[in-house]
Amino acid sequence: FVSCADSGELHVLHLSAATGQLRTEQVLPLGGQLMPMALSSDSKRLYVARRSDPLAVITLEVDGIAGRAKVLAEAPLPASMAHLSVDETGRWLLAASYGDDMVSVQAMDTDGAVRPETADTHTYATARHAHCVLTTPGNHFVLAVSLGGGQLHRYRLNASTGALVPTDPAVFVMPPGTGPRHLCFNTRGDRVYVLGELDAVVHVLSFDRDRGELSLLQSLPTMPSDFEGGAWGADLHLSPDGRWLYTSERNSHTLAGFAVGASDGLLTPVGHWPTQQQPRGFAITDDGRYLVSAGQASHRVGVHAISPATGALTLVGECAVGQNPNWVTIVPLHQN
């Protein structure tokens, strides 16, 4: 599933597990500037944020066999959102607003839809330019990044009410010039990987799952060493088995790969590979075989095969989509 901001479309593509080739199954016109998406834990609901008026989150019912989606509901968002996520209970939709410096929590209906009549909304001010918000493994804490503030905001999550309560201290300050943009957790939940937009550096932090405490362990550049342009980091994801971490950088049009230490979660660089022009978002298949990258400037997505031995990427397929594709969500094959 690829959201295309400038054409207001959601493109649904079928990925061949055998060859890595893509074919278009559906083009769903939803209107407006479509950008971040989030998938429910059962892969049956997809949430898409519209960042232009009317600001909204659109809930889609996903058919993972037919490769189709249909609109279930549309509900207002309190601001233009740069990121969406779902908590582990599936009851709360979290969102981060770059323009309005805030995060929000909205209630879902019993069928997993965000509807106007049931979307009870809580908002929380952050430092400048909130860009990502996630619940921690175990669902006890929420971390949000503020790109302009250069810090991570920490909250305790009340999973019964959706309320967020700041921890003490409430923020963790990143190195100067980071511009933290996206983050992800390892499976154990004791490591946090943060990608800086302004430095294109991936930072490894330890995380205490009981107390929510953070500390910086490692920082590594993600840009090719011979690239002379400025940094513009975009996205990062771990492979499902946790062995590889990948990042995207928009000025060099590259993906970077890192081996993840099994015991300490620290990173070792394994390579850089060209990808689509201005790669904003990407995703990895649930079997860890393919990485699918969206190029904002190429208006295409590319499929890279992942070497299980080395983590190296090999381009095996491309497919044209709408204008300014920026977010990729991969839905595993499932029966509704």
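This is a short chat about the pockets and aromatic pairs of a predicted model.

Reader: Hi! What should I know about the model before we start?
Author: Happy to help! The model is predicted, so local features need pLDDT of at least 70 and side-chain atom pairs count only at pLDDT 80 or more, while totals for chains, interfaces and linings use all residues. Residues are numbered from 1 along each chain as its sequence is written, and side-chain values use heavy atoms, with hydrogens and water left out.

Reader: Cool. How much space lies in the largest pocket?
Author: About 1,600 Å³. A pocket here is an open set of points on a 1 Å grid over the protein atoms alone, where a 1.4 Å probe fits, with protein on both sides within 12 Å along at least five of seven lines. The volume is the space filled by probe spheres set on the points.

Reader: And which residues lie nearest its centre?
Author: Leu-134, Cys-184, Phe-185, His-237 and Leu-238, out of 50 lining residues; lining residues have an atom within 4 Å of a point.

Reader: What classes are in that lining?
Author: There are 24 nonpolar, 19 polar and 7 charged residues. Ala, Val, Leu, Ile, Met, Phe, Trp, Tyr, Cys and Pro count as nonpolar, Asp, Glu, Lys and Arg as charged, and the others, Gly among them, as polar.

Reader: What about the second largest pocket?
Author: That one holds about 570 Å³. Its lining has 26 residues, with Leu-13, His-14, Leu-15, Ile-330 and Val-331 nearest the centre. Strand 2 gives the largest share of this lining, 4 residues; strands are DSSP runs (E, at least two residues), numbered from the N terminus.

Reader: Switching topic: how many aromatic pairs are there?
Author: The count is 4. Rings of Phe, Tyr and Trp (its six-membered ring) pair if their centres lie within 6.5 Å; planes under 30 degrees apart are stacked, over 60 edge-to-face and the rest tilted. One of the pairs is Tyr-124 with Tyr-155, which is tilted, at 6.1 Å centre to centre and 55° between the planes.

Reader: Which parts does that pair tie together?
Author: Tyr-124 lies in strand 11 and Tyr-155 in strand 14, so the pair ties together parts that are 31 residues apart in sequence.

Reader: Is Tyr-155 buried or exposed?
Author: Tyr-155 is buried, at 4% relative accessible area (buried is under 20%, exposed over 50%, partly exposed in between, with a 1.4 Å probe and protein chains only). Tyr-124 is buried too, at 16%.

Reader: What about Phe-141 and Phe-207?
Author: They form an edge-to-face pair, 6.0 Å centre to centre with 90° between the planes. Phe-141 is in strand 13 and Phe-207 in strand 18, 66 residues apart.
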